[in-house]
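Open the model in your viewer and keep the selection tool at hand. The tour goes from the whole chain down to a single residue.

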Amino acid sequence: MSKLVPPHGGELIPLLVHEGKQLASLKAASLLTSVKMSSKEESDLVMLAMGAFSPLEGFMGKEDYLRVIKEMRLGNGLLWPIPVTLSITTEQANAIREGDKIALTSALNDDILGSMTITEMFTYDKSFEVRQVFGTTDLNHPGVAKTFNQGDIYLAGPVVAFSEGSYRKSFPEFAGPVETRSLFCEKGWETVAAFQTRNPIHRSHEYLTKIAMEVCDGLFIHPIVGNLKPGDIPADVRMECYRVMLENYYPKNKVVLKVYPMEMRYAGPKEALLHAIIRQNFGCSHLIIGRDHAGVGNYYGPYDAQKIFDEIRPSDLSIRPLKIDNTFWCHSCFSMATLNTCPHSNENHLNISGTRIREMLSAGERPPEEYSRKEVSDILIRYYQTLKAN
Ligand SMILES: [Zn+2]
């Protein structure tokens, strides 16, 4: 009997068809009208396939959608902070009727990745959605821009996935919640702290994860590998950084590194809740929430993503946030620290901007070891060199 936290809503619901039925399902779907997904929708389908979005069984209908954006709850009252939707244009909608079954094709090619039975088609108010979800209608926000660029009609209904797209092939660390839960059980873990990341691991991230390791049985490093915004470090480069960190600076039997395919929404606090739900499904009891979790620009306060966990009911989630203050190297403490542990003033702290770090790496220069482990710096230097070569 597993001692891990239960999945959100009580049960994992992976929507990937059994391997033996994949070919037949694919053949049947090739005769259907097809809808090409955006890369975000495709990665959401893979999340549904894995059961990472349990208890969702498809793209959201109007009742769920409206209650999610207004109250952060599904129609049945279960906590859900950000809608999971499939959009089409008005022209596409003319060729589809409620009750139809459609094929869902990849954003990258014409591969059919799943099918969906349309239970609802509905129009929606983009300005209202983005104001509710992102707290802004500013088109410079990548989540807002993405919403305004998509079709005007949402298609809803249960989905069946035939494939996990290219993710499992691209990443040896790809795993779904069923796999990670059994892995954690094998290791005898009951409490597992998840670390959401979209950046290379620097000393401050390392420190966050190690604080978590002091209080939990295991650490689950769980980078997001869906498309990011321009300027973010690509997934394969980040993976190289995580691997080298685990190899050199973490005890092997205490850490699991796996990836998941979602695309960042950059919705700050609301996304922190979504990240928590997903990690609960993967079997984690805690999620590390540092400064400006899932934020972008200056749209959210640095600790909004921590505060939002105080606004929900304790019964809404089984997973708990591990709220940790901003971390930095202090020259006087001669260690990593936070304002909770360090009595020294700001001049004692290593202050170095992201822009300066990028300049150093681009120039082939390692940032201070108090900022970044040399193995990670070297990988990033190589990456910036390839950027320049292109
Ligand atoms: Zn200090």
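The stops below are given in the order in which to select them.

This is a predicted model, in which local features need pLDDT of at least 70 and side-chain atom pairs count only at pLDDT 80 or more, while totals for chains, interfaces and linings use all residues. Residues are numbered from 1 along each chain as its sequence is written.

**Two domains.** Colour residues 8–168 as domain 1 and 172–389 as domain 2; these bounds come from an automatic or database domain assignment. Their C-alpha centres are 28 Å apart. The contact between them takes 25 residues from domain 1 and 29 from domain 2, where contact means C-beta atoms, placed from the backbone, within 7 Å.

**The domain 1 side.** Select α2 (39–50), α5 (126–134), α6 (142–149) and α7 (167–170), each of which supplies at least two residues to the side touching domain 2. Helices (H or I, at least four residues) and strands (E, at least two) are DSSP runs numbered from the N terminus. The most comes from α2, with six residues.

**Helix α9.** Next select residues 203–215, a helix of 13 residues that reaches 19 Å from its first C-alpha to its last. Among its buried residues (20 or more other C-beta atoms within 10 Å of their own) are R203, L208 and A212. The buried residues of α9 pack against strands including β8 (192–197), β9 (218–223) and β14.

**L339.** Finish in the loop between β14 (335–338) and α13 (354–362), where L339 sits. Is L339 buried or exposed? L339 is exposed (12 or fewer such atoms), because 12 other C-beta atoms lie within 10 Å. Not counting residues up to four places away in sequence, L339 touches D325 and N326.

How values were computed
Contact = placed C-beta atoms within 7 Å. Expected span 1.5 Å × (residues − 1).
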